[in-house]
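Hi,

Here is the structure I said I'd pass along. Have a look at it first, and my notes follow below.

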Amino acid sequence: MVCETTFLTTYIWSCRNGVLSPWLDNMKELVCNSECTPAEPANKKRKISHKMPKMPSLRSRMSPSGIYQFINNPTNKPSDNQILAIKQMGFEGLLHLQTDTIPGNLAYWLVSTFDPYKGCLLDGSLPILEEDIHACMGIPMGPLVVDEAPIGDKYPQFLSLLEDFKSQYEGDLIDVKVILRKLSTQIDGGDSFKRNFIVYIFSSFLGGVKGNKASLRILKSLSDTSLISEYNWCNFIKKKLAEQVLSWQKEEFSEEKTVKANWFGGPIMVLVFIYLDRCVFMVRTVSRQYPTLSTWTKKAISKRIQDELKSKSSFGHGSVEGGIVINHKPLPKIELVQSSKPTIVSEQHPMPKKVIPSVLEEKDKDDRDRNNVPTSSQVNNVFVDKLVSKANNLAKAFVEYKSIASEALNKLPSSEVVCKMVAAVDGIAYGFNLSQQSKSDEENEGKDNEEDHVVHTDKVVENVLRDVQENENVDSVKGKDNVEDHVVDTDKVVE
């Protein structure tokens, strides 16, 4: 149809200007060389293209690819001892990681809109709390504070630990990929593996490092590997996130940009998982489970991003929901390579302050002895030994106090201060029985008998004082030969 219109227009012009012959020659060449497109049917519908808007992509050093490959490597899968060591440190949630890539466009938007001073997204409607980090990553949120060694720290214990760690590698600057390869060889899951594991994940996934070199300052908190699960790693991640976002935003949005490629060195996947879980776009398509990272696969993340960009051409248009409550149950048994379904949790409730650590499943005793893996009873015996040691120290101190108290009562029998002090300290040994007796008396007698109860307690203290004075003469007669018997009696009182 286009060719016909062109032909008629040119023919009329040629007739008017008397140039019909050259025109015919030109038209022959035009018809031979051109391809006329057929006219479209009138009833044909045009396709509407849904092109997603182009958004900048974040460049980040903190990627989940390394830890994902370590856990799901089919040719060199983690040993049972390594899995057990990760559980003992409290990082069992990372074993359920379902993606090895960072969604660049969503990550860029999150870092651009995150408020590092208030620690929140969506203009304050989505605060990033320690409980959220614990729920999405499944890592410890204990009472101890993670402490990094300051630059140039010369504390002997840290320097010794640092030198021992560097002895595994060549050079002072250690690449994170080298540590990852080292982890695969430490199948015993000992202290060296635990330190390498923590240094690696906080230098490549959850920490604050812009380069590809490992940060060894965290070794200051790894001197005792049995306490790793007692540290508040969620608070540590939150601080690193704020520091790195602030540094990145100043460089990215400055008028005079000095760096062509602005790399982000913070735990970006923490923001990604929290946003996907708590900011629901239209309808929740992924069930809420603990830890959150166990449900968001690469496919699910990609679909969520496409849905938001197709509808709104940007992010942040969903409704914010509350955090999740974690059932106090152990995480599911880890199936290497094939991930299992994690524990389902309830929705929209405030997070608990403390989560009971997961209980390791019992294995065959012969396998434990063969692999030299500590049992739960052996781990508990360590704490029992510490308790017994402190109790013995307390008993010895009490014996020394007894001798001094007897001498003081002998020399100053009329001193009211000495008598009250001796009665008060000796009353500590009977404190538990007194508290139990007071509790039962209050339940039976009620508030009306409070005065009688006070008098009764005073009489008990007077009896204790009288017993101490009577035992003074007995101690002076028995002397040093009966110190051991006294220690035994004191131990019984402590028990």
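**Aromatic cluster and the rest**

The bit I'd open first is a cluster held together by ring pairs, made up of F70, F91, F193, F197, F202, Y231, W233 and F236. Keep in mind while you browse that this is a predicted model.

Across the structure there are 14 aromatic pairs. One of them joins F91 and F197, with the ring centres 6.4 Å apart and the planes at 75°, which makes the pair edge-to-face. Why does this pair tie together parts that are 106 residues apart in sequence? F91 sits in the loop between α4 (80-89) and α5 (104-113), while F197 belongs to helix α9 (residues 191-204), so the contact between their rings bridges that stretch. Are these two residues buried or exposed? Both F91 and F197 are buried.

W263 is worth a click too, if you like cation-ring geometry. R61 lies over the face of W263, 4.0 Å from the ring centre. The charged end of R59 also sits over the W263 ring, at 6.0 Å from its centre.

Now for the overall numbers. The chain has 495 residues, and 38% of them are buried. Its secondary structure comes to 18 helices and eight strands. Taking the contacts in the chain with a separation of 6 or more, 77% are between residues 24 or more positions apart. The accessible surface of the chain is about 30200 Å², and carbon and sulfur atoms account for 53% of that.

Cheers

Technical notes
Residues are numbered from 1 along each chain as its sequence is written. This is a predicted model: local features need pLDDT of at least 70, side-chain atom pairs count only at pLDDT 80 or more; totals for chains, interfaces and linings use all residues. Side-chain values use heavy atoms; hydrogens and water are left out. Rings of Phe, Tyr and Trp (its six-membered ring) pair if their centres lie within 6.5 Å; planes under 30 degrees apart count as stacked, over 60 as edge-to-face and the rest as tilted. Helices (H or I, at least four residues) and strands (E, at least two) are DSSP runs, numbered from the N terminus. Buried means under 20% relative accessible area, exposed over 50%, partly exposed in between (1.4 Å probe, protein chains only). A charge sits over a ring if NZ of Lys or CZ of Arg is within 6 Å of the ring centre and within 35 degrees of the ring normal. Contact means heavy atoms within 4.5 Å. Accessible areas come from the Shrake-Rupley method with a 1.4 Å probe; for residues, only the protein chains shown count as cover.
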